[in-house]
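Here are my notes for you to read with the model open. Go through them one at a time and find each spot on screen as you go.

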Amino acid sequence: MSKLNVKSNMSIGHVAQICGLAPSAIRYYEKVGLPPKATRVSRQRRYGPEAIGRLRLLQVVREAGCTIAETRTLVAGFSATTPPATRWRTLAKRKLAEIEAQMTKLRHMQVLLESSFRCQCLSIEDCARIIGAAPRPLHSSTAT
């Protein structure tokens with residue numbers, strides 16, 4: 001870690017630079033309880049080297065598409081004795097199911113968009129009449 005100029009008693013700006021985050025993101029993460037609160041010296045946040053690891057962990061979880069609530073569950077929503085691998089697997093299983101549902105919806109959207117390129121209607125009213133007369137597909141949802 002010495003290559004990164006990591007030291008104890010780092011300012012929020014220094015930590016933000018090392019992690020590639022905006023200081024406002026670190027303050028937000030603190031506000032929602034993701035990393036432990038920073039110590040304060042003369043009312044300024046000060047961080048030790050352990051903050052870098054925790055913030056990078058949060059970045060990885062967020063890059064995996066997890067919400068703040070899911071991220072909070074990963075870091076604090078399990079028993080303290082639950083190993084990280086179990087936490088990751090539990091979260092990943094839920095997240096992968098969610099991604100698969102989104103991909104199914106995206107594939108359906110793609111089919112609809114590609115098929116509209118073959119439209120031969122002369123007016124939007126013709127489109128509405130043809131679509132209105134067609135049976136509603138079973139896989140189409142009633143809400144978008």
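1. Start with α4 and α5: α4 passes α5 in a right-handed crossing. Keep in mind that this is a predicted model. Helix α4 covers residues 68-76 and helix α5 covers residues 84-116. Their axes are 9 Å apart, and the angle between them is about 160 degrees. Anything over 145 degrees counts as roughly antiparallel, so α4 is roughly antiparallel to α5.

2. Who does the touching here? On the α4 side, look for Glu70, Leu74, Val75 and Ala76. On the α5 side, the partners are Arg87, Trp88, Leu91, Lys95 and Glu98. Sort these residues by class and you get 5 nonpolar, 4 charged and no polar ones.

3. Now turn to the other helix that packs on α4, namely α3 (50-63). The axes of α3 and α4 come within 10 Å and cross at roughly 130 degrees, so the two helices are oblique to each other. The crossing of α3 past α4 is right-handed.

4. From α3, the residues Arg54, Leu57, Leu58, Val61 and Arg62 meet Ile68, Thr71, Leu74 and Val75 from α4. This contact has 6 nonpolar, 1 polar and 2 charged residues. Try colouring Leu74 and Val75: they appear in the contact with α3, and they are also listed in the contact with α5. A handy thing to remember while you look: an α-helix has 3.6 residues a turn, so residues three or four places apart point the same way.

5. Next, α1 (residues 12-19). Is this helix enclosed or open? It is largely enclosed by the rest of the structure, because 6 of its 8 residues are buried. The buried ones are Ile12, His14, Val15, Ala16, Ile18 and Cys19. Their cover includes α2 (23-31), β2 (44-46) and α3. Just past the end of α1, check Gly20, which takes a positive phi of about 75 degrees.

6. How do α1 and α3 fit together? Their axes come within 10 Å and cross at roughly 50 degrees. That angle makes α1 oblique to α3, and the crossing is right-handed. Val15, Ile18 and Cys19 of α1 meet Ile52, Leu55, Arg56 and Gln59 of α3. Of the residues in this contact, 5 are nonpolar, 1 is polar and 1 is charged.

7. Don't skip the loop between α2 and β1 (39-41), where Pro35 sits. Is Pro35 buried or exposed? With a relative accessibility of 10%, Pro35 counts as buried. Leaving aside residues up to four places away in sequence, Pro35 touches Tyr29, Glu30, Arg54, Leu55 and Leu58. You can also check a distance: the C-alpha atoms of Pro35 and Leu57 are 9.9 Å apart, although the two residues are separated by 22 residues along the chain.

8. Last stop: Asp126, in helix α6 (residues 124-133). Its relative accessible area is 19%. Buried means under 20%, so Asp126 counts as buried. What does its side chain contact? It makes a polar contact with the side chain of Arg129, at 2.5 Å.

Definitions and conventions:
Residues are numbered from 1 along each chain as its sequence is written. This is a predicted model: local features need pLDDT of at least 70, side-chain atom pairs count only at pLDDT 80 or more; totals for chains, interfaces and linings use all residues. Side-chain values use heavy atoms; hydrogens and water are left out. Helices (H or I, at least four residues) and strands (E, at least two) are DSSP runs, numbered from the N terminus. Buried means under 20% relative accessible area, exposed over 50%, partly exposed in between (1.4 Å probe, protein chains only). A polar contact is a pair of N or O atoms within 3.5 Å; within protein, one must be able to donate a hydrogen and the other to accept it, and residues adjacent in sequence count only if both atoms are side-chain atoms. Axes are lines fitted to C-alpha atoms, for helices over the stretch in contact, and angles run from 0 to 180 degrees between N-to-C directions. Angles under 35 degrees count as roughly parallel, over 145 as roughly antiparallel, 65 to 115 as roughly perpendicular and the rest as oblique. A crossing is left-handed if the near helix is turned anticlockwise from the far one by less than a right angle, and right-handed if clockwise. Contact means heavy atoms within 4.5 Å. Ala, Val, Leu, Ile, Met, Phe, Trp, Tyr, Cys and Pro count as nonpolar, Asp, Glu, Lys and Arg as charged, and the others, Gly among them, as polar.
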